[in-house]
Each structure stands twice: as structure tokens, then as C-alpha cells.
There are 4 protein chains.
Amino acid sequence: MHEIGRSKRARQAFAFDDVAIVPTRRTRGVEEVKLDWRIDALSFGFPIIAAPMDSIMSPDTAIAMGKMGGLGVLNLEGLWTRYDDPEPLLAEIARNTDEATVTRRLQEIYAQPIRAELITERLNQIRAAGVPVAGSLSPQQTAEFAETVEQATPDFFVIRGTTVSAEHVSSDVEPLNLKEFIYRLDVPVIVGGCATYQGALHLMRTGAAGVLVGFGGGASHTTRDVLGISVPMASAVADVAEARRDYLDESQGRYVHVIADGSVGRSGDIAKAIACGADAVMVGSPLAKAAEAPGRGFHWGAEAWHHELPRGERVHFDQVGSLHEVLFGPSRVADGTMNLVGALRRAMATTGYTEVKEFQKVEVVVG
Amino acid sequence: MHEIGRSKRARQAFAFDDVAIVPTRRTRGVEEVKLDWRIDALSFGFPIIAAPMDSIMSPDTAIAMGKMGGLGVLNLEGLWTRYDDPEPLLAEIARNTDEATVTRRLQEIYAQPIRAELITERLNQIRAAGVPVAGSLSPQQTAEFAETVEQATPDFFVIRGTTVSAEHVSSDVEPLNLKEFIYRLDVPVIVGGCATYQGALHLMRTGAAGVLVGFGGGASHTTRDVLGISVPMASAVADVAEARRDYLDESQGRYVHVIADGSVGRSGDIAKAIACGADAVMVGSPLAKAAEAPGRGFHWGAEAWHHELPRGERVHFDQVGSLHEVLFGPSRVADGTMNLVGALRRAMATTGYTEVKEFQKVEVVVG
Amino acid sequence: MHEIGRSKRARQAFAFDDVAIVPTRRTRGVEEVKLDWRIDALSFGFPIIAAPMDSIMSPDTAIAMGKMGGLGVLNLEGLWTRYDDPEPLLAEIARNTDEATVTRRLQEIYAQPIRAELITERLNQIRAAGVPVAGSLSPQQTAEFAETVEQATPDFFVIRGTTVSAEHVSSDVEPLNLKEFIYRLDVPVIVGGCATYQGALHLMRTGAAGVLVGFGGGASHTTRDVLGISVPMASAVADVAEARRDYLDESQGRYVHVIADGSVGRSGDIAKAIACGADAVMVGSPLAKAAEAPGRGFHWGAEAWHHELPRGERVHFDQVGSLHEVLFGPSRVADGTMNLVGALRRAMATTGYTEVKEFQKVEVVVG
Amino acid sequence: MHEIGRSKRARQAFAFDDVAIVPTRRTRGVEEVKLDWRIDALSFGFPIIAAPMDSIMSPDTAIAMGKMGGLGVLNLEGLWTRYDDPEPLLAEIARNTDEATVTRRLQEIYAQPIRAELITERLNQIRAAGVPVAGSLSPQQTAEFAETVEQATPDFFVIRGTTVSAEHVSSDVEPLNLKEFIYRLDVPVIVGGCATYQGALHLMRTGAAGVLVGFGGGASHTTRDVLGISVPMASAVADVAEARRDYLDESQGRYVHVIADGSVGRSGDIAKAIACGADAVMVGSPLAKAAEAPGRGFHWGAEAWHHELPRGERVHFDQVGSLHEVLFGPSRVADGTMNLVGALRRAMATTGYTEVKEFQKVEVVVG
């Protein structure tokens, strides 16, 4: 604990950049490493989820992600459920290279209402491809559209916001009672972001199958500048991993998955997230660099088009290869943007681990 | 405590940039948040004060600030009390884009004497608009012009300097006895800057209604380079907040407001200042970005035109919108320069707080 | 120990840049300092080894290094054992200044198979020059080519990889049993990289004459970005030096040399490595600046051309002088790139040390 | 203490940039502050010494410094004692703006031998002007030229090197026995640099009137890069100040002055040096910005022209005003390069101190 001043104490918190993984006395062949991830009734080939962001996930890329053994989550309050054909808008956004005005244009484009029938249509399209189906809503929209989502029977319903609590109080609108809601819902729920032990523990008690740790923001969210709020991710994940353990005991056996969601820009961050205790990692910006990304190299999160207090910027990345190459390589660059799955496999092999669950125990250092 | 060397120990001190606010397990609707701030006999809509700097506060902008529910403090030893019409000078300063020579020109412009009748005139102009009236003097000028100020019966008399102590010793001039002075004065006094528990406690004992924490310097004051003196603000505010608590007990109930004054460049800093214990925040540079700012995008503090030891530089900002938009949004940028009031409201809602006083207890982390 | 979060603790680890050597109360004349380094049956004039990287070590430069009293290690799975005449390829690489495509070209060039007869030829060429002979293989290639190397009877066989453990498990290929292998081998082995006390202790138990500490990567390896793995070198060396001490006791007298291999970019880093406990230092990038360097100013490690997950970039340096000048001066630059041996000598003299072994005890500070 | 690794522990050390001075509950008028500094038989108007560097001190500027109440030390092994008229060389150095080749040219220029008669002539010239006389030699040259210096009866003889110890061992040359030497010498000696409690204590025992703390290098010495050696100055000064206290007791009353020599680039650093325990401060680069500086805006130390291992670079500064303005203002810039004396005065007044000796106790923070 630091003493900020006589009336205030504070913990030190650590970002992924502050920590590094340390080799052990063993090494393993990469072929020994098992990356499959099982949550609820489903199994995936690797513990990487594509974040529900319009710049990376369309019905088509969610299907592609699923066919490669991963999980892609479609944003159910983004362009694909506001417009019959969002492609011209995605193209327009990509043509607008003036960062000074693009925020205003995003605010306009996303002012269009969400249409329930498009939610149904998009989820059905993904289901028809024979891959796992997952869609996300913010807590604000969940009450209105949850029934629509439920009827589409996705494999996962993701409730994702900057900060989602089990106890939200509002006098304007009847707040969502997460616990009752999830109990009644016939679909496994993944919910977050959360950033603290207490916050996560309460989310786990709602019956969620997984919790998202972090703010889940885009690559350049500015929540720290605008609100003063920040969640150094290594600490947040390590805190929530302890909540998972305590809740496992308290619930006599319910294992709630901890999913790191934010600040994952390079393949090394995926390994670090697991090393800090995550079961899986939700990624955004690395997938924005794939040739198939709907954003055409541009990337933004929901916080970038908030109507009165935008807290993120649209950013541009160079495209590095196909989605398959981004996930499985071969890589032709040395910056951690290609072969995400191969890099995780190699990080584990190099440090002597073969199981993701075991790799949560690998030693890390600060420095 | 750190050991600097065998003969010297030092506390670690923290700036706003070193700390971040952490969400709790609760969230609130933004409409639940109450921001009103009551000090002495007056109430304000939000705990943000415009600093007495010529680049942001003219009689007109002080009136505008008041009409929007805030408090604008006019600098009573700036251009408005040295010149009948300072507008041509403000325009000249804005045209002079040569930072190498502008310090010298500022020194000349501010060498003009202060005129008591202009103090009276400017304060009356603000009063006539029906908004709260506040003017500031430095400790050096307070003795000479205090009577003039008092007769204008402002709502607050602000005594503001780089470092103001309750005990100033000088052989040249009869130093101001702050305690006697404030006792005799018929106007509530806000006084500072101070930076330590002891310094603040002594200022509280003078009978001040509020103390300013920090150096109150412009956006680019260089006191650390020139004098070696620096006050990391998160620590200073947290120290002074403890002095407030101890003085409250010692005085059997006098609550002296702690007002952070310095290093507040973005909306997130306002939230952090309160999180560290401030009751209100005095801002400068964020308001220099308003279209109405007298500085026309340029910004400087009194330390920038000191006649023999200037300790700050004039800086330039892009204008982002009207004063109303800077305070209340809607924001069209993601960098914490617009919608200051909305950002504070959202920071509190996101972390589950509805009262500013309660928000002083929110958890912060270092990192 | 830091608490990353409730479920994870971490040591602080330090890089060479984080530490500095402190003078003592004594100084020595530079002529008093003895730098000779004795390992196994050989003595060298100074404890600096040239790393087995194609950009710095050819048979010719290995010979030159030996003639000056040092040890140059030839990479036995680089261009010199894949091609009869690698010079045209080295020239081509140097002409290709497009860093975006050079990784792909390196991948192609190094896809050519290693030829056993070239291993023999190159080692014989060095031996014929009458200097110490040392060649390196990665653990992956050691089994296949070890016999070839052994028959060439080099003075040292270096097994060098990013992370080499005494216990490697693989189901695809029969892993190298280092302990058995080294026991049977008739050549002293230097093996690494390793980064931890435990890892090093196990390598020492294999019978190695020396262990390499660090990743041994090129000047801009990106293992931290790609894999999340990093080894702050000051801490790694200081940990492994303790393993040397404990193994010395456990083995009743086997002194295994600790050789820092990585993050040595300037002459000051060589002094710091020894100050942290190293017996000798393997250097790469400083030698890439020599006029004779085969890389012609360009520099890359094996990790830069990995076929599916490159983890390093080729970099370019200005050439500063001849290899002799780089090692012995006189220096004409003040950045720690010339007169490496003279700088080590002076660092020891300035702090009052005359023996490398004693200099391992010099005080260092963080800051 | 930090644990670097299992075999090595290290103190944290702090540079001036790491610390800041904190106001107290008192303030003082600047006219209350007394800056005079008394050492041995002499008194000075302020505790600032001009460093013996050719780029700032010629006989003329040493005289000017003295006439303004300060102490200027002439480098007795620089250009003024190697050449009858160094002005053409100083002009040539200033015309050579190619930093890549200037080191080599400096090496040539300084290869010229030192002439004893010029030492005498230069010191006499300063004495004739009626100001305090001080000249410096490195420990290497002291034996040869000490008698010459002594016969010129300067007020102070400064022995200044990167690291000077009371116990220097050399087999090549008979090392200087500092203790005997100083005892026999009829001139008060100031000696350094030193950086540690032990090193300083031993220097104090030689009978020196003052010790220099730091490396005394030029503005851009690169000792850390080249040798790995570094002395974070706040810690070094605070350590040596404790040696002063302990030696005062041990010697039953000899007060040896602690003079910070290095890393003083801005006026704030002067205040910080005293705050950490220094009695006076030796400055280089701030005076290189004076119009009269012989270096014509260029600045270099002896380490920049070392014949085989240069450890510093020549740097260029903009000239900001006359030497008088640099020392006493009025300042027209806000970066701590003008009005050095006024800034120290104001730093003390702002924090409530009137005596330099008392100011050594002012609180500092890390941050």
C-alpha cells in the first residue's frame, strides 16, 4: 500500500506492460501444448474470443472465427442491427481519414435505432453456418432486446459495458436486475466489464458463465483521461481470478470463467492475461489488422461514438494478413500481431507448460 | 519513506497522473448523481471554479460562468484592473506567436499599475449581472487593495499566490497578518496555494472559508525547474483533506473547503482531485479552450510575467467549443477537454457514487 | 515482492539500464587491472565472447577475434553451414533496406538445409588459424549434428537457444537428454539461455562448463511483445550467480562459468553484467558496428528468421571502426561503442578493482 | 534495499530530477534571505562556484565571477595553460558543428603539453584583478604541477577528477598521497569527485577544506553508458552530508564543505542540491549560456577529449544573456537558466528559510 497523502491510501496496480513471464526449469515441445477451452456446453480450439465490435465482427467474420475453432461475438447494437446493409457506412467511415470530425459522424451513424428483426436475422445467419452463436448487448439495451436475443437461442448472450455491476441503481429507468434476469434466461451469459474482486464476485453470483475483466474498450479508449478511471489489467485479472476461486468454494463448485477484455494488443498480452489468471481472452485490435475485418483497418469501440461524452478514438492499423494468418500464422512480422494462437502455444512450451489452466500459475516478474 | 541518502529521508508523493480511480461493485444512473456544491452562503450547480487568470476570466466570462451555475473568479491585478480596455492587449498577445519574446512583452504589459477604481468597476459589473461575485488578489497586493475589494462586497475574496502561508515574515514591508485580516474582513475568504498538511492547517486557522491546494500555476508553470519546488497534487490534496478533518475537530465544527488548484488539465483530473479529498476544483487550462476565452486560445498565469524570475510559459490550445459545451457538452472529442461537468457526473455514476462528499472515499490505485 | 492482484505475487526484476555501478573509496591505475579469463583448459585476454550470429561471426572474424585474445563462436546453423559462399547473400541482405519485407526474405534464405560437411570445413578453417575454436547449435539441431561437431574437436561446443532447459519434453521428436549428451561428449559445453536460479542450477548439473544467461537474442528481439516472456538481465545474472555458488558447494568444487548473453549494447553493460555476477559476457550488437562485421552494419539473430513466429527484427548500425578499435580503442565516440575492453578496464580501475572475480562484488544502485 | 537477484542487493538512489522541495507552513520575504557563503578564510556572496571547464572559465570570466561575489575556478590543464592564445582554438571549436568529428579534433587540441609558466601567468592575472584565485588540476597532473600552483598562492587549489580517492594504487607511477600532499601544501584544497559516504569520509580525512560530490562531468557526460558507473546526485549529496557530520565529530570540529558538482542544469537543481545537504554548488552548463562564455555557447568537459576513451559529448546551448543576468537576472525565460542566485533566494523564501545552512533541512519528496 502506498500512502497518497495523510487521508488516502492506495494499492499499486499493474498493467500487462508492467509484467513479464519468466521461464521455468522445464521446456516443452510446442506440439505438447493443449489450447482447447471448454465453457458451458461448448469447446473451442483456443481460448481467444473476438470482441463484439463493428470494426472486427460482422456475421461473416463471426462465422469465419467459429469455423477456425474460436468464438466470435456479434455486437447486437451496432451497425448490423441498425442498418439493413451497413457495408456502405463501413466504407464511408474508412474513407473518412479526418480523425477530428469522424467522432461526430460516428455519433450520427449510431443514432439510428436498433431493429429487433435484424438482431434475429443476424444471429440466425451465424447459426445457419453451423458455428457457435454469440451476441452482445449493453446493459442499457438488454431489457428491451433480451427476449429477441433469447428467442434466437444463441450459445452465449454477452452483456458488455464499460463497467457492469450486479447492483445498478437508477431512478429514470427500471434497472436490470442481473441476477433475476440471468436466472430466468435460457442462454448462458457472459457479463462484464468488471475490474475488482468485489465487483466480479457479485457478477459471479448472478449466475453468469463467465465474467469479462476490464473495460473492453477499443484500442485507444481514453476513459482514464475523461473519467479518471482506469484498470491496470494484470492486477484486475489477478484480483478477479481470486474471486473465481472464492466463488467456486462459496457456490460449492460453480467455476465461472474469467475472460480478460481490454489492453490486449499483441500476442504476448494474451499469454500475460492467462499468466495472471484468465481462462480466456477477448481480443479486439489484433483482429482489426486482418484483411477480412469489416473496419478495413480502422477500429473503434462503442465508447468512441457516445452521444455526449465520447471516451475513445477511432484508430487505424495496417492490415497484416488474413484472419487465418493473424490467428495461426505463419507470421512475417516480429511485433506480436500475427500467429496469435501459435505465440500462445510457444509461450507455454518455452516456459514448460502444456495446459492453459496450469499456465495460470507461471511466474511473472515486474520489470 | 525513502532514504535519499544517509542524511535525508523523503516521502513518495503522487501526481494526478500517477493515480487512477477504481470502480466499485455498484453503478448508478448518471441522473442519480448530485453535483451541487455549497460553500458559505452560496450554492453552485457543480464544484468547478474558474481560476482568476486573464486568459480565461474577463467580467463577461465570469458572468457567463455564474449564469451556468458555476463560480468565476476575476483576477483583480490583471489586465482588467490595469487597463480601461484590455481587449487590444489581449489581441496583441494572441497575435504574438513568438514564445521566445512573449515573456518580455508580458512583463511590459503587466508593469502598468493596478487602478483601484477599475477593481470596483469590474466587480460591480459582475454583480449587476446577478451572479456570484468573486475577485482575487495576490498576498503582496492584498493589503493595498483589500479595502477597495471589501467595499465592492463580493461574495468571495480570493487571496491566491504560488505559496501562501499564515506566517509570512518580511523586513521590507509589513507583512499581511492573514488571521487578523480575515477576521476583520466582512467577506468570506478563499486562500492558497498551500501544499502540505501543516501549511493548510495554519491557513484554516485564519478563518478562511476555503483553501486552495497547489501552486495554481498556468498549464505550463516551471516552478520545479526554476525553484526546485513541486507539489504532486494527488498527495497534496490528500494531505490537506486530512487537515480539514483535524481542523473540523479542533474548531468544533468549522468545515473549510479544500479546493484543488493546479494540474487539472482534463476532466479526469477533476474526478481524481475529488477522489483524493477535494470539495471543489479550480480549473484554468480546460477553460482556455472555450471559444469565449479572452486569451483567444492562449493561456498564461501570473508566474509567466514575473518581472525578475518568470516561472511559467504562455501556451496555446486549440479551441474546442463554447464555454457551455466545455462545461456541459455534448462532447465531440475523446480527450477530456469537453463536457467537464458531464464527465464528473459519469465518473461518479460509473463507480456507484451519487454525492460528491461520498466520492472523496472512492478507491484509487497507483499505476 | 509485489502483489499484482489477490491471486498473484511477483518479484521486481531489474534490467542493466535500471542499475548503475558505484565507486568505492579506492581507485586503481588502469594498468593494475587484470582482465584475463580462464575457462576449462583455455585462457583468454578478456572475458568477452563474440556471439554466434551471422551478422558478426564468419570464420574470418572468429579468427580475428581469437587472434586478439578473445573467443569468437561460429553459428553452425547459419549461412556458413548452409551455403558454400554466403557472401552474396550477406550482401543482398545488406542491400535490402526494406524492413517490412526483409523478414520474409530471411525466412527464405535460412530455409536452405544445414550441411554437415560445411560444419566440419568451417571449424577446421578456424582451427588452422591457430586460435580457439567454438561453434554453436540450437538444441533442436544438436542431436543431428553433434557428432559432426565433436569430430571437428572444437575447444567449446555451444548449445544456444532462446530458452534451453535440462528437461525438455516432446512427443514428436526424442528430446535431447542434455545430461547424458554432455557427459558423453568429449568437448566442453557452454549451454543456455537460461534466466532463473532453478533453470541455471539444472543446466549446471548437466556438466556444462558455462551457462549462458539471457535470451541471447539480437539487438531488437521482441520476445516480450510476441510471447510475453522477458528476462531483465541484471536480475537474471544475479540469480544465476547464486546458482553457481550453490552448485559449487553441491558439486564439491565444480565452478561453472556464468556468461551474460543479451542486452549488452554498450561497454557499460559489460561492466554491469560482471558487477551483477557474470564471469564473462557474450556480445552481439557492439561487434556488428565493426568494419569487418559480415552483416555490413546490419544485425539479426536466429529469432528474426523463425519460419512461423519471428521474434526479432533486423536492425542497422553505423560502423564505428575496425574490430580492433571496437575492442581496444582508441575510441573517438562517447557512446560506449568503442574500446569495449578499455572501458571495462577503466570501470574496474575507477571503482578500485583489479580482478574480474572481485569486481563481481562491486556495489550497484538502482536509479 | 532492493534484491536485484539472489546474489545481489542494491540501494535505491535518487537524482535531482527524482526529488522536489516542499513548502513549509512559513514563507519569507526574499529580502530576508542571506546567501553568503564562508569557506576557509574567504566569504562569497552566494554559494555557487563556476566549474573549471574551458567552455566557461577563462581568466577573464573567472575575474568577472569574482567581481560579482562568486568563485570562478580556472582549469589549469586546459587550453589556457597549453596555449599562449587559445582564443583561435575556442573559435575553431565553435565553428565545428559536426559532433561526429569534433571529439577527434578535441583529442588533438588537448594533446598539446601543459606549460608551467602559463599556469603561473594565468593565476597571476586573476590575482591582479583583486578577486579570489582558484585553479584546478586532475589527480594525474597534480604531482607534476602542484609546486607551480602553490608558488602562485591561489586561494584554493582544486583537485578534480571523475572519481578521486584518498587511496589510489598504481604500479606505473608513484600515486599521489593525498593526505601527505594536502598536509604539506600551504593552500586550502577542494577535492573530488566522490560519490559515497566512505569515499567522502576518506577525502575529508586528507585535510581538504571541501569535497566535490559527483562526477563533475560536462552537461552530457556518458560515464553511465561507457563505464556503467553513475552517481544519482541527490543520494550522493545526502550521503556525503552525513560523512561531513560524522567527520565533524571525529575531527572534533573540522567542518568540511560539501560541494555538489554535477547534474546541475537549472536553477532548481541548485536549490535541490542544498536541500539534500550541500553547502555550495559547482555549476557548469548554466554558465555556458552566458554571452561571455569562452565556449561561445558550446560546452564540454575533460571527459569529452580523453585520448582513448572519451566519455562525454560536446553540447550546444543558446546564449540567454550576460553572465550577470544569468546569475542575478532579471530573467526573461522560464526554464531555470537565468537569475540563478535570485531563484535560490526565492526558493528559500517561498519555503520559509533565510539561511543556507538551515535550508539543508527543508523537506523533499520523491515524485
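Begin by selecting strand β19 of chain A, residues 364–366, together with β2(C): the two strands pair in the parallel sense over two bridges, where strands are DSSP runs (E, at least two residues) numbered from the N terminus, as helices are (H or I, at least four), and pairing requires that DSSP finds at least two bridges between the strands. Within this pair, pick out A:V366, which stands opposite C:Q12 in β2(C). What you are viewing is a predicted model, in which local features need pLDDT of at least 70 and side-chain atom pairs count only at pLDDT 80 or more, while totals for chains, interfaces and linings use all residues. Residues are numbered from 1 along each chain as its sequence is written, and chains are lettered from A, and ligands numbered from 1, in the order in which they are written.

Next, widen the selection to the whole contact between chains A and C, to which chain C gives 46 residues and chain A gives 54, two residues being in contact if their C-beta atoms, placed from the backbone, lie within 7 Å. On the chain C side, the elements that give two or more residues are β1 (2–5), β2 (8–12), α4 (99–109), β12 (167–169), α8 (197–204) and α9 (223–227). Coloured by residue type, that side divides into 15 nonpolar, 20 polar and eleven charged residues, where Ala, Val, Leu, Ile, Met, Phe, Trp, Tyr, Cys and Pro count as nonpolar, Asp, Glu, Lys and Arg as charged, and the others, Gly among them, as polar.

Now show chain A by itself, whose secondary structure comes to 15 helices and 19 strands. Its C-alpha trace spans about 55 × 50 × 45 Å along the principal axes.

Then move to chains D and B, whose contact takes 54 residues from chain D and 46 residues from chain B. Among the elements that give two or more residues to the chain D side are β4 (26–28), α9 (233–250) and α13 (340–350), and the largest share, nine residues, comes from α9(D). To see a strand pair here, select β12 of chain B, residues 167–169, and β4(D), which pair in the parallel sense over three bridges; in this pair B:E167 stands opposite D:R26.

Finally, display chains A and D, which no contact joins and whose closest C-alpha atoms lie 11 Å apart, and after them chains B and C, which likewise have no contact, with their closest C-alpha atoms 11 Å apart.
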